[in-house]
Amino acid sequence: MRWLIYVAGFWLALTAALPAYINSSFLALTVGEKRVGYIYTTASIFAVLGILFISRLIRRFRPARFILYAGTISLASLITLATFGHTKNLIIIVGAFSVYFVTNILMSLTLDLLLEQTSLNSKTGGIRGLYWTCVNTAWLASPLLAGTLVGNNNYQIIYLVASVALLPVLGIAIYYQTHSPLVSYHAEHPFKIKTFAKIFGGKRTSTTINLRRILIIEFLLNFFYSIMVIYAPFYLHTYMGFDWSTIGQILTIMLIPFVILDYPLGLIADKWLGEKELLTAGLAVMALATLPLAFFTGKIVAMWALILFLTRVGAATVEIMKETYLFKKIDGDDLDVLSLSRLMAPLAHLIAPLLASIFLIFFPYRFIFVGLSIIVALGLTQSLKLKDTK
């Protein structure tokens, strides 16, 4: 059943990854480049609300059935974007994009829960590392495929292909529901305000302090992803003049670290090192490698690919270390903490584009990467104080 989760994770990630780097250009056709961030902010508000109610939904429908229902709704939203995207109707585009955005996040969280129910703490790094390798393989394949398919700004075809990629997830959900004993979730509560208060403002214990630090790092990582996914491809296409086929090649090289690093780093964290040192190194590499994006103006594909590759060496390291650390601190009954963790992504997608939209009023587009480098570097104040699980 764990292998089914790995496979479902791959296909669900492919559904998210295929449109990820063209979403901003597609949405800009309807609202303009400087308002794209507001659409992400709107969708993220709904995602936050969805996470707040996720356990009620899971308890009501059971995990696999919830994935089936959410996936069906997501499928409808993708088909809507593929069918009506050319109309540039604001209500249809924003509504369908928001539904797709929210359901994907909620299905990913539910897969996290199912995977945690099949995991042992002593093997968490390897299990999470292998899962994220499957997920990131989908992300690695997506830019090149999307760049080839999109052609002369034919964005709708990407959403159609993403809808096809979602079908295996629905099939696995049906199979999992009828064959696995892990079909229900018995915890009393989902995300709770008191959980947030305990970790961020309650009694200072070693556990709450370190959970707070890892959640802040998770927020900063997702802030980085949000800015990069929304603004980097648009910058390469509109300001640097690269076509989508070339951008696909650049982004494919950029994503290689996620495939080659997650699993071995997870094993290293299990057997030899704790997570603190690698987290710190990853954050430092992310911050330093992001800075040149603002100042390199040459149209040299290899250099752009190298710089972005280095940013993801850092991000891949941070990603698997924060996952390993978190899941060594919680178990399958801690949906409240897991929900709080997964709340960081939509919160980042809510705040990052909003700040970026304001930032772009006062500063040139390329300086957004300077601000991002500074924000990522703030994570070092948390990782250096983290208490290792070893």
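**View 1. The whole chain, with 58% of its 390 residues counting as buried.** Here, buried means under 20% relative accessible area, exposed means over 50%, and partly exposed is in between (1.4 Å probe, protein chains only). This is a predicted model, where local features need pLDDT of at least 70 and side-chain atom pairs count only at pLDDT 80 or more, while totals for chains, interfaces and linings use all residues. Residues are numbered from 1 along each chain as its sequence is written, and side-chain values use heavy atoms, with hydrogens and water left out. You'll find 16 helices and zero strands in the protein chain; these are DSSP runs numbered from the N terminus (helices H or I, at least four residues; strands E, at least two). The accessible surface adds up to about 15300 Å², and carbon and sulfur atoms hold 69% of that (Shrake-Rupley method, 1.4 Å probe; for residues, only the protein chains shown count as cover).

**View 2. Into the largest nonpolar core, around Ile214 and Trp304.** Those two residues touch the most other members of this 133-residue core. Helix α10 (residues 206-239) gives the most to it, with 19 residues. A core like this is a set of buried Ala, Val, Leu, Ile, Met, Phe, Trp, Tyr and Cys residues joined through side-chain atoms within 4.5 Å. Not counting residues up to four places away in sequence, Ile214 touches Leu279, Lys322, Tyr325, Leu326 and Leu386 (contact means heavy atoms within 4.5 Å).

**View 3. Glu218, a buried residue in helix α10.** The relative accessible area of Glu218 is just 4%, so Glu218 counts as buried. Setting aside neighbours within four places in sequence, its contacts are Lys322, Glu323, Leu326, Ser341, Arg342 and Met344.

**View 4. Ser357, tucked into helix α14.** Ser357 is buried, because its relative accessible area is 5%. Its side chain reaches the backbone oxygen of Pro353 at 2.8 Å. Beyond neighbours within four places in sequence, Ser357 is in contact with Lys34, Gly37, Tyr38 and Tyr231.

**View 5. A nonpolar patch on the surface, including Tyr38 and Ile358.** Leu354, Ile361, Phe362 and Phe363 are also in this patch, and the accessible area together is about 610 Å². Patch residues have over 30% relative accessible area and no salt bridge; nonpolar side chains (Val, Leu, Ile, Met, Phe, Trp, Tyr) are joined within 5 Å, like charges within 9 Å. A salt bridge would be a side-chain nitrogen of Lys or Arg within 4 Å of a carboxyl oxygen of Asp or Glu. Helix α14 (residues 335-362) supplies the largest share, four residues. Ile358 sits in that helix and is partly exposed, with a relative accessible area of 40%.

Terms used: A polar contact is a pair of N or O atoms within 3.5 Å; within protein, one must be able to donate a hydrogen and the other to accept it, and residues adjacent in sequence count only if both atoms are side-chain atoms.
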